[in-house]
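Look at the sequence and the model before reading on. The report starts with the ligand and then turns to the protein as a whole.

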Amino acid sequence: MSDCLFCRILRREVPATIVYEDADVLAFKDIFPQAPVHLLLVPKLHCDGLNDLSPEVLAVVPRIMEIAARLAGEQGIAQSGWRLLANCGEHAGQTVFHLHFHLLGGKPLGGKLCQ
Ligand code: 5GP
Ligand code: ZN
């Protein structure tokens, strides 16, 4: 999708601090971090979100989880704890409609999933 922000980051048209890349996945720092560690992990194949998973994107999701665990280790938060989440749609507050997983940690994140 040519006008999608994360596709533009993937094409290096928008700068981002990239922490991991392979053939299928890019991980970069969130521009408005909500925690000391706040990374975004995205499949390179465009997908609006969890409501729109294609088989090709779905195949990458377990790898994103594996990469998240590895990055948590590299960022030094594996033992203190971290959270991996994806917002889907309006009520979840999704603002960028390219599937992405937030990797958050480095401070207590709170025990509630919703208010
Ligand atoms: P969502 O609200 O869709 O779950 O998450 C979108 C995330 O993208 C937000 O946490 C927001 O801070 C981040 N974000 C928005 N614009 C940019 C940008 O231009 N660069 C980076 N690195 N992150 C962005
Ligand atoms: Zn996209």
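## Contacts with the ligand

How far is an oxygen atom of ligand 1 from a polar backbone atom of Gly93? The distance is 3.3 Å. Keep in mind that this is a predicted model, so every distance here is computed from predicted positions.

Two other residues also pair with oxygen atoms of ligand 1. At Thr95 the partner is a backbone N or O atom, 2.7 Å from a ligand oxygen. At His102 the partner is an N or O atom of the side chain, and the distance is 2.8 Å. Taken alone, ligand 1 exposes 520 Å². The protein buries 84% of that area.

## The pocket and its shell

Where does ligand 1 sit? The space it takes is the largest pocket. Two elements each give two or more residues to the shell around ligand 1: helix α1, residues 5–10, and strand β2, residues 25–29. The largest share comes from α1, with three residues.

In total, 16 residues surround the ligand. Thr95 and His102, already met above, are among the closest. Lys29, Asp30 and Asn87 also belong to that closest group. What kinds of residue make up the shell? Eight are nonpolar, six are polar and two are charged.

## The whole protein

Now step back from the ligand. The protein has two helices and five strands. Along the sequence they follow the pattern α-β-β-β-α-β-β. Read that pattern from left to right as you trace the chain: a helix leads, and two strands close it.

The C-alpha trace spans about 35 × 30 × 25 Å along its principal axes. Does the radius of gyration agree or disagree with a compact globule? With 115 residues, such a globule would have a radius of gyration near 13 Å. The protein has 14 Å, which agrees.

Notes: Residues numbered from 1 in each chain as written. Chains lettered and ligands numbered in written order. Predicted model: local features only at pLDDT ≥ 70, side-chain atom pairs only at ≥ 80, totals over all residues. Heavy atoms only, no water. Near = heavy atom within 4 Å. Polar contact = N/O pair within 3.5 Å; in protein donor to acceptor, adjacent residues only side chain to side chain. Areas by Shrake-Rupley, 256 points an atom, 1.4 Å probe, with all protein chains shown as cover. 1 Å grid on protein atoms, 1.4 Å probe; cavity = no way out; pocket = protein on both sides within 12 Å on 5 of 7 lines; lining within 4 Å. Sits in = over half its atoms within 2 Å of the grid points. Helix = DSSP H or I, 4+ residues; strand = E, 2+ residues; numbered from the N terminus. Nonpolar A, V, L, I, M, F, W, Y, C, P; charged D, E, K, R; others polar. Rg over C-alpha atoms; globule rule 2.2 N^0.38 Å.
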